[in-house]
Amino acid sequence: AFSLPVTGAAADDAPVAVLIPGLGGSANGGYVRNMAFSLLHRGFHVLGLNMRGVGAATLRTPRFASAHRGSTGDLREAVSYIRKTLLPGRSRKVFAMGWSLGGNIVVN
């Protein structure tokens, strides 16, 4: 997973984009990183979210996978964390974009 913050005067008002790769990919995949840099240049804070057990994410719960049947629980938890911890008291928009199974999670 990664985080690319916007800097400068617009940083306080910048929207947030959460990018979710497909089942076999990770947030460090070329297609995710390319989109991240494109969004960053358009004024977004960008975060990449790996599914459980993918990339550098280590499993710390009994649940093996976050992608079971398009489960949205981990994405919901991530957005909640972003709103409470990274954006407390701010009303910035949070957007999600996913590829393949990551896209299925977003639309569910």
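Two residues are said to be in contact when heavy atoms of one lie within 4.5 Å of heavy atoms of the other. In this predicted model, Val18 gives a useful place to begin: once its neighbours within four places in sequence are set aside, Val18 is in contact with Leu47, Leu49, Leu75, Ile82, Val94, Phe95, Ala96 and Met97.

Several of these names return in the largest nonpolar core, which has eleven residues, namely Val16, Val18, Ile20, Leu47, Met51, Leu75, Ile82, Leu87, Val94, Leu101 and Ile105. At least two residues of this core are supplied by each of β2 (16-20), α2 (73-86) and α3 (101-107), and β2, with three residues, provides the largest share. There is also a second core, separate from this one, with seven residues, among them Ala17, Leu19, Val32 and Ala36.

The helix α2 can now be followed on its own. Its 14 residues, at 1.5 Å a residue, should span 20 Å, and because the C-alpha atoms at its ends are 19 Å apart, the expected and modelled lengths agree. Within α2, Leu75, Ala78 and Ile82 are buried; these residues cover an arc of only 60 degrees around the axis, and therefore they lie on the same side of the helix. Arg76, Glu77 and Lys84, by contrast, are exposed on the other side of α2.

What do the buried residues of α2 pack against? Their partners are the strands β2, β3 (45-48) and β4 (94-98), together with the helix α3. This returns the reader to Val18, whose contacts include Leu75 and Ile82, both of which are buried residues of α2.

Methods:
Residues numbered from 1 in each chain as written. Predicted model: local features only at pLDDT ≥ 70, side-chain atom pairs only at ≥ 80, totals over all residues. Heavy atoms only, no water. Core = buried A, V, L, I, M, F, W, Y, C linked by side-chain atoms within 4.5 Å. Buried < 20%, exposed > 50% of the residue type's maximum accessible area, 1.4 Å probe, protein only. Helix = DSSP H or I, 4+ residues; strand = E, 2+ residues; numbered from the N terminus. Expected span 1.5 Å × (residues − 1). Arc of directions from axis to C-beta.
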